[in-house]
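User: I would like to go through this structure and check each label against its cut-off. Where should we start?

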Amino acid sequence: MPGHELSGLNAAYVAQLLEDFRDAPASVPREWRELFEGNGDTVAELTGPGPDRAVAVPPPRGVGVQVAAATSTAETERMALAAPPVAAAPPRAEPPRREREEPRGPSAVAAPPAAPPLAASVTAPVAPTRPVEPAAPAVPVAPAEAPTAPGSGSSEELLGAVSAAMALVKAYRMHGHLAARLDPLGSEPIGDPALDETRSTPALTPELLERMPARLLRLYVEGETLAEALPRLRAVYTGTIAYEFEHISDHAERLWLRQAIESGRFRRPLPADERVALLARLSQVEGFEQYLRRAFLGQKQFSLEGLDALIPMIDEAVELAAGSGAHQVVIGMAHRGRLNALAHAVGRSYESLLREFEGERSYDALVVDPEGGTGDVKYHLPATGVRSTRAGEIEVAIVPNPSHLEAVDPVVEGRARAEQTDRSAGAALHDPTVALPLLIHGDASFAGQGVVAETLNLQSLDGYTTGGTLHLIANNQIGFTTDPFEGRSTRYCSDLAKGYDIPIVHVNADDPEAAVSAVRLALAYREEFGEDVVIDLVGYRRFGHNEQDEASYTQPLQVARIDQQPTARARYAAQLVAEGVITEEGAAGLVEEATRSLREAHERLRAALAEAPEPAPPSAETGATPHTGDAVITAVSADRLRALNQELLHVPGGFTVNPKLARQLERRADTIEQGGIDWGQAEALAFASLLEDGIPIRLTGQDTERGTFSHRHLVLHDSESGETCAPIQHLAGANASFEVFNSPLSEFAVLAFEYGYSVAAPDALVLWEAQFGDFANSAQVVIDQFISSGRSKWGQTSRLTLLLPHGYEGNGPEHSSARLERFLQLGAQDNIRIVNPTTAAQYFHVLRRQALDATARPLVVMTPKGLLRLRHAASALDELAEGSFQPVLDDPSADHERVRRLVLCSGKIYYDLVGHDERPGATAVAVARVEQPYPFPVEAVSALVAAYPHLDDVVWAQEEPQNMGPWRSLRHRLDEATRAGSTVAATRFVGRPWRASPSEGYPTAHQREQDRIVRTALTGAV
């Protein structure tokens, strides 16, 4: 192979193959083995130095083959097979099952102590940002003895030593974490035999270690020889901080991490003033927790103690983010340590937090809210503050969260993405430097909850990436009362991240300097590669799950050890006193200062509460939100729609649209004039007109670019080149951006992401489309705890729009129902809007109303499947150019004087009713539609009923079973409207009987049942 093919862009790949060949020759393809065996010197010169020359012996004059080439692959494999196995530990008696569990965390099993590490920090020169492999020496390093011919015993010994040395270095990089001192409670690391140089084959004696130049082993720690470098390498990988990154598939990322970690450029010793400031911060953190516990005995606070270093880590992340140009840090976390973070990371005043405990928390503002707010517990609430850093001010926001611990993760990602996005034009511009997402996880929840994996999967996807998230695992080594071996099947709680090529840093929470250095490394990696990093902060939980829980009931041994454990602040203070950085009096003064600040804040609060008037009692009634949607002008002039339609059909020259699709799109040029505007065309016109109105739009979902039912086609694919084009992103008059992305096959994380995006971008219309309506089932947590209740709990508004295909068409129970009943059950206090439109024009107007309405509320649209191309559901141009969304549609063909039965329905069943064979003969029957089930249009329905003066019967017809669909939620409203507008006492139900499953699984059974429902509604015959 020519030399130029081994160098340049191919060098990294060839170097990796060469490294694999040296570790295990049989692991590389045969042709590469032959190349390395015959041309080892040439390959090594082109790709960098390797172990075959680390202790190279120059061959006799005239011999043109290096020592490495003298040993064949077969000989190498023979030597490996002949090597004795690694010594195993002596057998012991079989323990009970729990003791036999393979360790899955830093405190799981005791093992012989690792070799004592050097000092925690190793001073090293600052390396360049991208690592460069050391250059090969001009002359091979040779021992003092006379040259030895290739193939001799001495050469084999040296080659074996080199192989063992490379394996040792690789073992520390891959498995050093197993010998690291990560548990503050002192459990012994399990270690790994590969980390013991005396157990290698051949044993790496001090003499051999001295003969090996460390530089040629690709080490970045200090030391000329391996003998000098090995203790430093051990200190780097087996101290109070440990790393897992060799699983990463990208060679450049692994190389960068090796150099960054081993050079120590992010593990620098802190100056004395920074160490004192760190101790002061730990004093504030500890003092806050202890004061709350003493002052409010028995109240829940979900103390941070045992993970105190978390707050200095957040501090460092905020400081570095500001230094990199970020305007905001968006934080998501559950309850553990949240109050401490609100005070010290965001900057909420002590008075405001103490007020929560005094029971005076904004009662008037939340509970007596005229719109009916309920508030939330103090450790769920949001907060936003502005922090001053060396680089200037930066906003820090903690996002509200429910008790589903990890549900907030994708919400944070969506909020960060919205902050990072310029929505002024085109497809939107994304700049990840603008905001840093920071997620604080629990150890049990990170391993146990599926939304974590869904969120990690978003990290590199075009429509969802945030340029890298900093994940901090607050590792208590316990999940409520569940031990790690009962809660996960992996060694570490962080192991899930390995599947996403994410580097993992484990750090002992009692070493605050190591914890801060881990953040420095993580954010440097994010800045370099734009990807996530996980830091596993291994600590403990000093008290139970909350302050009312007795942890010794279930973890007596761990609790006994914690009771003897000094706090992180006390340990760090003792260290600084011993090193002469601060005096004992100075350290005690920091504690007193923290306590005094809290005590003074509490005294000020008590004085203010004593002087405050008694709060007014809550009102029995809550005011309704004013309906501003009726004031919105949703009609768009016909000329403007014609022009937009033409632009939406334009593609660049040379772009080849699929011929079959081209004919479908060309028909849109005719329907704009002749009528027949279908669902997809009406939607595109609504979007395009909103872009001209300056409303940014973001549309995502499974197969959304084309549309699950092949009706949308917003993104076109060149049938010859595969290139894509989205005409809607190139409108001449657009004043805002249009984003459209096919989402991963996820509902929970993706919908939560879009919710977070919509909250942070209130100016935008954000839509999420389910492939089928029932897929929203997987996102029920988001719907229940964010979308429907976020405004009431946290005062958080959103105009997020859910597009949920709904309708019974014989496709079985799973793809029939979007569970309309669940949304209606959640509807209260005007918190959401629910529509079930039956024409393209109604859909057009409701989209525009949702984007332009001054009152932002989430919108749930029961979108049809069979109506997407149904001729009767299509609309004419004047229906878009005039009018507005109508919550109720009367029967256009009814003779009001002759009608005796009024059939009310919602959605697709309307077309089954008016298209049935019995319909022509049912002249005394009118069929009307309720297009907006919530908020229920009371006045409109009452007026509709009153318009039929001779009614004998009012029927509600639906496809869904009686215990599903709208009936159960709307029945009382329908009865009120019926009694107010007629002499009929109550509304009758016609539909499927009560069932456990939404619909039939066989098309024939579906058709029979559908026919029965329609026939009964029209004729009254059962």
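**Labels and their grounds**

Analyst: Start with Glu305. Setting aside neighbours within four places in sequence, Glu305 is in contact with Glu289, Gln290, Arg293, Tyr540, Arg541, Arg542 and Phe543. Keep in mind that this is a predicted model.

User: Where does Glu305 sit in the chain? And why is Glu305 called buried?

Analyst: Glu305 is in the loop between α12 (272–295) and α13 (310–323). Its relative accessibility is 3%. Buried means under 20%. Glu305 therefore counts as buried.

User: What makes the pair Glu305 and Arg293 a polar contact?

Analyst: The distance. A contact of 2.6 Å joins the two side chains. The cut-off for such N or O atoms is within 3.5 Å. The pair Glu305 and Arg293 therefore qualifies.

User: Now the salt bridges. How many are there? And why can such side chains pair at all?

Analyst: The count comes to 46 salt bridges. In general, side chains of opposite charge can pair when their charged atoms come close.

User: How do you know that Glu246 and Arg258 form a salt bridge?

Analyst: Their N to O distance is 2.9 Å. The rule asks for within 4 Å. The pair Glu246 and Arg258 therefore passes. Glu246 is in the loop between β1 (241–244) and α11 (251–263), while Arg258 is in helix α11, 12 residues apart. Glu246 and Arg258 are both buried.

User: What makes Glu319 and Arg390 a salt bridge?

Analyst: Their closest N and O atoms are 3.6 Å apart. That is within 4 Å, so the label holds. The pair links distant parts of the chain, 71 residues apart. Glu319 belongs to helix α13, and Arg390 to the loop between β3 (383–389) and β4 (392–398).

User: Is Glu319 buried or exposed? And Arg390, buried or exposed?

Analyst: Glu319 has 17% relative accessibility. The limit for buried is under 20%, so Glu319 counts as buried. Arg390 has 75%. Exposed starts over 50%, so Arg390 counts as exposed.

User: How do you know that Arg712 and Glu769 form a salt bridge?

Analyst: The closest N and O atoms of Arg712 and Glu769 are 2.7 Å apart. The limit is within 4 Å, so Arg712 and Glu769 meet the rule. Arg712 is in the loop between β11 (697–701) and β12 (716–717), Glu769 in strand β15 (residues 765–769), 57 residues apart. Both residues are buried.

User: Which residues are linked in a network of salt bridges?

Analyst: Arg992, Arg995, Glu1000, Glu1009 and Arg1012 are linked that way.

User: On to the sheets. What makes β14 and β17 edge strands?

Analyst: Take the whole sheet. It is open and has 6 strands, in the order β14-β11-β15-β16-β18-β17, with parallel pairing. β14 (738–742) and β17 (833–835) each pair on one side only. Neighbouring strands here are turned by 15 degrees against each other on average, direction ignored.

User: How do you know that β15 and β16 pair?

Analyst: Count the bridges. 3 bridges join β15 to strand β16 (residues 801–805), and the two run parallel. At least two are needed, so β15 and β16 pair. Within this pairing, Trp768 has Leu802 of β16 as its bridge partner. Helix α27 (residues 679–692) packs on the sheet and touches β11, β14, β15 and β16. The direction of α27 makes about 145 degrees with that of β11.

User: Why are β19 and β23 called edges?

Analyst: Their sheet is open, with 5 strands in the order β19-β21-β20-β22-β23 and mixed pairing. β19 (888–889) and β23 (988–992) each have a single partner strand, so one side of each lacks a neighbour in the sheet.

User: What makes β19 and β21 partners?

Analyst: 2 bridges join β19 to strand β21 (residues 925–930), running antiparallel. The rule asks for at least two, so β19 and β21 pair. Leu889 has Arg929 as its bridge partner in β21. Helix α36 (residues 967–981) packs on this sheet, touching β20 (901–905), β22 (953–961) and β23.

User: Last one: the cysteines. How many disulfides are there? And why is Cys905 called buried?

Analyst: The count is 0 disulfides. Cys905 has a relative accessible area of 0%, and buried means under 20%, so the label fits. Cys725, at 8%, is buried too.

Key:
Residues are numbered from 1 along each chain as its sequence is written. This is a predicted model: local features need pLDDT of at least 70, side-chain atom pairs count only at pLDDT 80 or more; totals for chains, interfaces and linings use all residues. Side-chain values use heavy atoms; hydrogens and water are left out. A disulfide is a pair of cysteine sulfur atoms within 2.5 Å. Buried means under 20% relative accessible area, exposed over 50%, partly exposed in between (1.4 Å probe, protein chains only). Helices (H or I, at least four residues) and strands (E, at least two) are DSSP runs, numbered from the N terminus. A polar contact is a pair of N or O atoms within 3.5 Å; within protein, one must be able to donate a hydrogen and the other to accept it, and residues adjacent in sequence count only if both atoms are side-chain atoms. Contact means heavy atoms within 4.5 Å. A salt bridge is a side-chain nitrogen of Lys or Arg within 4 Å of a carboxyl oxygen of Asp or Glu. Axes are lines fitted to C-alpha atoms, for helices over the stretch in contact, and angles run from 0 to 180 degrees between N-to-C directions.
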